[in-house]
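Let's take a walk through this fold, starting with strands and moving on to helices and loops. Keep the model open and follow along.

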Amino acid sequence: MSSFKPLVFSGVQPTGNLHLGNYLGAIRKFVSLQNEHDCIYCVVDMHSITAQLVHEDLASQTRSITAAYLACGIDPTKHIVFNQSRVMQHAELAWIFNCVARIGWMNRMTQFKDKAGKDRENASLGLLAYPSLMAADILLYRATHVPVGDDQKQHIELTRDIAIKFNNDFSHRIADLGIGVELMMGEEKVNGFFPLTEPMIEGPATRVMSLRDGSKKMSKSDPSDLSRINLTDDADTISKKIRKARTDPEALPSELAGLKDRPEADNLIGIYAALSDQTREAVITEYGGQQFSVFKPALADLAVEKLAPIASEMRRIQADTAYVDAVLKDGGERARTIAEGTMKQVRQIIGFLQD
């Protein structure tokens, strides 16, 4: 077994308002994990320029994500909260990983294909290398676990591939320097510097879909604001969006199998289950056979109960710019100390001269 100390790392891009999908798929998990693990949570502002270089409000969006972290319950005194660009070791390790990773690996990344679209030749090199920077974010702290939605699983698999290749390519130097850790690769014990990070994908709403189209993921970039519930939405707006959510004319099924080919119903059941900390089966047991005219008001009340206090607290924290900046500055200093410790050893392994 690995003897790496358990550590959780994850991050959110500062691009647009956070929505219900971000909360259920990521931030709520961040909050629960901090009770059991050491955690590092990052606002990944360097990632935000891979697809769109110029942002008029990147600084304010970075503060907004930080305010959301804090409003949801992340404790920045017990754990580390910072923005990625404060710790330039992220970029340094990402360059090394660009030389570890293979072009074929990057070309297989489905998110690159989705974001680049048909005009792949015009996509930025940063967008293609995005997963390499993500691997650096994680492995810079030698994180053992990353809470992600199921759409990010492929990136964690790539992170593991990069770690394996680095460990293999430099196995003798790692051993000679005496800085390796024993890892299990199948049934074989190997010596490695980077851990094989595990994704943490769990819960009834690991992928929250649009309220207007159950076949599409809930997104900040969707032109319709009715497609998502923003964490900044007030109670009336949350209720309105739930009421207007697209559904089919049939009653809710009495069994989960009945949700097949009913993406909007499936999505709303998943949201209710996640917000109420129940299984999807339990929700079906309670509401199966009932019309959406009964279920939607119940879901709206639940969403308001859970999300409206977060929106209020987020607005309060966001108004205190000095406090938010102080949290990021302190977190950046603490993260930088860990990051530089890792990079000193990486430079030794590679053979770079350093002071």
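In which sense do S2 and strand S3 pair, and over how many bridges? S2 and S3 (residues 80-83) pair in the parallel sense, over 4 bridges. Before going further, a word on what you're looking at: this is a predicted model, where local features need pLDDT of at least 70, side-chain atom pairs count only at pLDDT 80 or more, and totals for chains, interfaces and linings use all residues. Residues are numbered from 1 along each chain as its sequence is written, and side-chain values use heavy atoms, with hydrogens and water left out.

Back to the strands. Helices (H or I, at least four residues) and strands (E, at least two) are DSSP runs numbered from the N terminus, and two strands pair if DSSP finds at least two bridges between them. On the S3 side of S2, valine 43 sits opposite asparagine 83 of S3. S2 itself covers residues 38-43 and is also joined to S1, with 6 bridges between the two parallel strands. To see the register, find valine 8, which faces cysteine 39 in S2, and then serine 10, which faces tyrosine 41 in S2.

How much of these strands is hidden? Here buried means under 20% relative accessible area, exposed means over 50%, and partly exposed is in between (1.4 Å probe, protein chains only). In S2, 5 of the 6 residues are buried, so the strand is largely enclosed by the rest of the structure. S1 (residues 7-12) is mostly covered too, with 5 of its 6 residues buried.

Aspartate 38, in strand S2, is partly exposed at a relative accessible area of 35%. Setting aside neighbours within four places in sequence, aspartate 38 is in contact (heavy atoms within 4.5 Å) with Lys5, Pro6, Leu7, Val8 and His79. Arginine 120 is another matter: 82 residues along the chain from aspartate 38, with 39 Å between the C-alpha atoms.

Now for the helices. Two packed helices are described by the angle between their axes and the distance between the axes. The axes are lines fitted to C-alpha atoms, for helices over the stretch in contact, and angles run from 0 to 180 degrees between N-to-C directions. Take H3 (residues 89-100) and H14 (residues 321-350): they pack at about 30°, with axes 10 Å apart. H3 and H14 are therefore roughly parallel to each other (angles under 35 degrees count as roughly parallel, over 145 as roughly antiparallel, 65 to 115 as roughly perpendicular and the rest as oblique). The crossing of H3 past H14 is left-handed; that word applies if the near helix is turned anticlockwise from the far one by less than a right angle, and right-handed applies if clockwise. On the H3 side the contact uses Gln89, Glu92, Leu93 and Ile96, while H14 brings Arg336, Ala339, Glu340, Met343, Val346, Arg347 and Ile350. Sorted by type, these residues come to 6 nonpolar, 1 polar and 4 charged, where Ala, Val, Leu, Ile, Met, Phe, Trp, Tyr, Cys and Pro count as nonpolar, Asp, Glu, Lys and Arg as charged, and the others, Gly among them, as polar.

Stay on H14 for a moment, since leucine 328 lies there too. Leucine 328 is buried, at just 3% relative accessible area. Beyond its neighbours within four places in sequence, leucine 328 is in contact with Thr62, Thr66, Val81, Phe82, Asn83 and Arg86. Proline 76 is 252 residues from leucine 328 in sequence, but 8.9 Å away in space, C-alpha to C-alpha.

A second helix pair is H10 (residues 235-243) with H13 (residues 292-319), at an angle of about 150° and with axes 9 Å apart. This crossing of H10 and H13 is right-handed. Ala235, Ile238, Ser239, Ile242 and Arg243 of H10 meet Lys296, Leu299, Ala300, Ala303, Val304, Leu307 and Ala308 of H13. That contact divides into 9 nonpolar, 1 polar and 2 charged residues.

Finally, look at the loops. Arginine 142, between helix H7 (130-139) and strand S4 (145-147), has a positive phi near 50° without being a glycine. Arginine 142 is buried, at 18% relative accessible area. Aspartate 261, in the loop between H10 and helix H11 (263-276), also has a positive phi, about 65°, and is not a glycine either. At 72% relative accessibility, aspartate 261 counts as exposed.
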